[in-house]
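Grab your viewer and a pencil: here is a set of exercises to work through. Try each task yourself before you read its solution.

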Amino acid sequence: MAVRGRDARGRRPRLPRRAAGLVLAALLTASACVAPADADTSLTVREIDATLERRAAAVLARDPAGYLDALAPVAAKLRAAQRTELANLADVPLKSWSYEVKGITEEDGDWATAEVELRYRIDGYDTAPVAARRTLELMRDGERWYVSADRPAEGASDQLWHQGEVEVVRGAHSLVLGVGRPEEELRQIADTVDLAVPAVSDAWPQPWARRVVVLVPDSVESMAGLLGSPETSYRGIAAVTTGEAGTTGKRPALADRVIVNPQAYASLGSFGQRVVLTHETTHVATRTSTSTATPVWLSEGFADWAAYRGEDRTPDLIAPELTGAVRAGDVPAGLPDDKDFGFDGDPAELARAYESAWMACELIAERWGKEKLTAFYAAVGAHPGRDGAVEQALGSVLDTTPEEFTADWRDYLSARLG
């Protein structure tokens, strides 16, 4: 979509007087390298900011003319694509939409490349904005800048509305946004999340929004596109939750998204679908108590514990891979490491990691009680770093040590699964 050619004399074409482009965003954010600011660069940033402020107002006003007014008229493909994007967004209930120019990475006369962050909130659901980055190429005519190219920033990806028209289904506690999926399917997902929210609130009594936004792309390939990862990583994964867990233990509530893999999700029965969406909803609820100090076994084990606790299933049915290992005399020596939860590894080993983590949280809830389990989770997440977090919480909340807890957990596996 770039319009950055030069004429026969090596000059870039002059821009007619028209307007500039939209920054549409990615779900996941990353830092960008930008050039140091000087007086000229600061002026350029202010001028581009002015263009994008008008652009943001047009998005919220659902004003197609204003939306396209900032685009370079010579960027025909970009204009067509972003006209479609605005139409794709038509039913999404937006509370806010704003831009910030993070820096200018290149400037050459009437041309510039800028790193821009979009922040938006969905009305009634997001207590904090989603932040996402785009790289813009811009052309200037007089005092105004016009977008001539718009792409994801390095390490970022597009959003759902880049993939097609977004259909919106509202539930009591859920908002389901789908592309290319039947409305009946989206309604069923909303109904399942509506059951999950009170179940999660009972498992996690600490304050949380009690509202969940679910994205349902049309395929696993599209799901991978939203996450910026290879599709092979998600073929057997029914859903994931995005967010900024791991940045700090003390931060405001974030705008998480549950993203469904429609093929894998559809292959599950009602029990499996209920467990999956309750698990992911738990991640949304516990996000502000999850940090770099939280090991994956605790975050995933707690989410599984919350999902299974209301279900009438025996441990061997919930943990078949781990049950087989224990009955064969192969009791794990220790709790799973973070790397054991990678989606691109052996599926049986991945299953054993999740099942081991669930059994650890099940042990805490059974022996110490639900309140101690939630207090333990919160204490680990509040620790300033990974080193010592679990050890300190085991001592202060459960009055045990890592060695004692591991031995108790191994005995628990043998007793429940052997």
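The exercises below go from the whole chain down to single residues, each with a worked solution.

A word on ground rules. This is a predicted model, where local features need pLDDT of at least 70, side-chain atom pairs count only at pLDDT 80 or more, and totals for chains, interfaces and linings use all residues. Residues are numbered from 1 along each chain as its sequence is written, and side-chain values use heavy atoms, with hydrogens and water left out.

**Exercise 1. Take stock of the chain.**

Task: find how many helices and strands the chain has, and what percentage of its residues is buried.

Solution. Start with secondary structure: there are 14 helices and 9 strands. Both are DSSP runs numbered from the N terminus, helices being H or I with at least four residues and strands E with at least two. Next, burial: 53% of the 418 residues are buried (under 20% relative accessible area; exposed is over 50%, partly exposed in between, with a 1.4 Å probe and protein chains only). Finally, look at the contacts (heavy atoms within 4.5 Å). Take those with a separation of 6 or more, and 69% of them join residues 24 or more positions apart.

**Exercise 2. Pair up the strands.**

Task: work out in which sense β1 and β2 pair and over how many bridges, then do the bridge count for β5 with β6 and for β8 with β9.

Solution. Two strands pair if DSSP finds at least two bridges between them.

- β1 (residues 94–108) and β2 (residues 111–122) run antiparallel over 12 bridges. Val101 has Val116 in β2 as its bridge partner. The two strands make a hairpin with 2 residues between them, and Gly109 in the turn has a positive phi of about 65 degrees.
- β5 (residues 167–170) and β6 (residues 174–178) are antiparallel with 4 bridges. Arg170 bridges to Leu175 in β6, and this hairpin has 3 residues between its strands.
- β8 and β9 (residues 257–260) are antiparallel too, with 4 bridges; Val240 sits opposite Ile259 in β9.

Now check the faces of β8. In a regular strand the side chains alternate between the two faces of the sheet. In β8 (residues 239–242), Ala239 and Thr241 on one side are buried, and so are Val240 and Thr242 on the other, leaving both faces covered.

**Exercise 3. Dig into the nonpolar cores.**

Task: find which residues touch the most other members of the largest nonpolar core.

Solution. A nonpolar core is a set of buried Ala, Val, Leu, Ile, Met, Phe, Trp, Tyr and Cys residues joined through side-chain atoms within 4.5 Å. The largest has 68 residues, and Val214, Trp297, Trp305 and Phe376 touch the most other members. Helix α11 provides the largest share of this core, 11 residues. A second, separate core has 53 residues, among them Leu86, Ala112, Leu226 and Val240. Back to Trp305: beyond its neighbours within four places in sequence, Trp305 contacts Ala203, Trp358, Cys361, Glu362, Ala365, Lys370 and Leu373.

**Exercise 4. Find the empty space.**

Task: say how many cavities of 30 Å³ or more there are, and which helix gives the most to the lining of the second largest pocket.

Solution. First, the terms. On a 1 Å grid over the protein atoms alone, a cavity is a set of points where a 1.4 Å probe fits but cannot get out; a pocket is an open set with protein on both sides within 12 Å along at least five of seven lines; lining residues have an atom within 4 Å of a point. Points are joined across faces, edges and corners, and a volume is the space filled by probe spheres set on them.

The count gives 1 cavity of 30 Å³ or more, and the largest cavity holds about 80 Å³. Its lining has 11 residues, with Tyr120, Gln159, Trp161, Leu177 and Leu215 nearest the centre. By class, 9 are nonpolar, 1 polar and 1 charged (nonpolar: Ala, Val, Leu, Ile, Met, Phe, Trp, Tyr, Cys and Pro; charged: Asp, Glu, Lys and Arg; polar: the others, Gly among them).

The second largest pocket comes to about 320 Å³. It is lined by 19 residues, with Pro336, Asp340, Glu349, Arg352 and Ala353 closest to its centre. Helix α11 (347–367) and α10 (320–327) each supply at least two lining residues, and α11 gives the most, with 5. The classes here are 7 nonpolar, 4 polar and 8 charged.

**Exercise 5. Spot the odd phi.**

Task: find where Arg210 and Asp399 lie, and say whether Asp399 is buried or exposed.

Solution. Most residues other than glycine have a negative phi. Arg210 has a positive phi of about 55 degrees; Arg210 lies in the loop between α4 (183–203) and β7 (212–216) and is partly exposed at 32% relative accessible area. Asp399 also has a positive phi of about 55 degrees. Its loop runs between α13 (389–398) and α14 (402–417), and Asp399 is exposed, at 69%.
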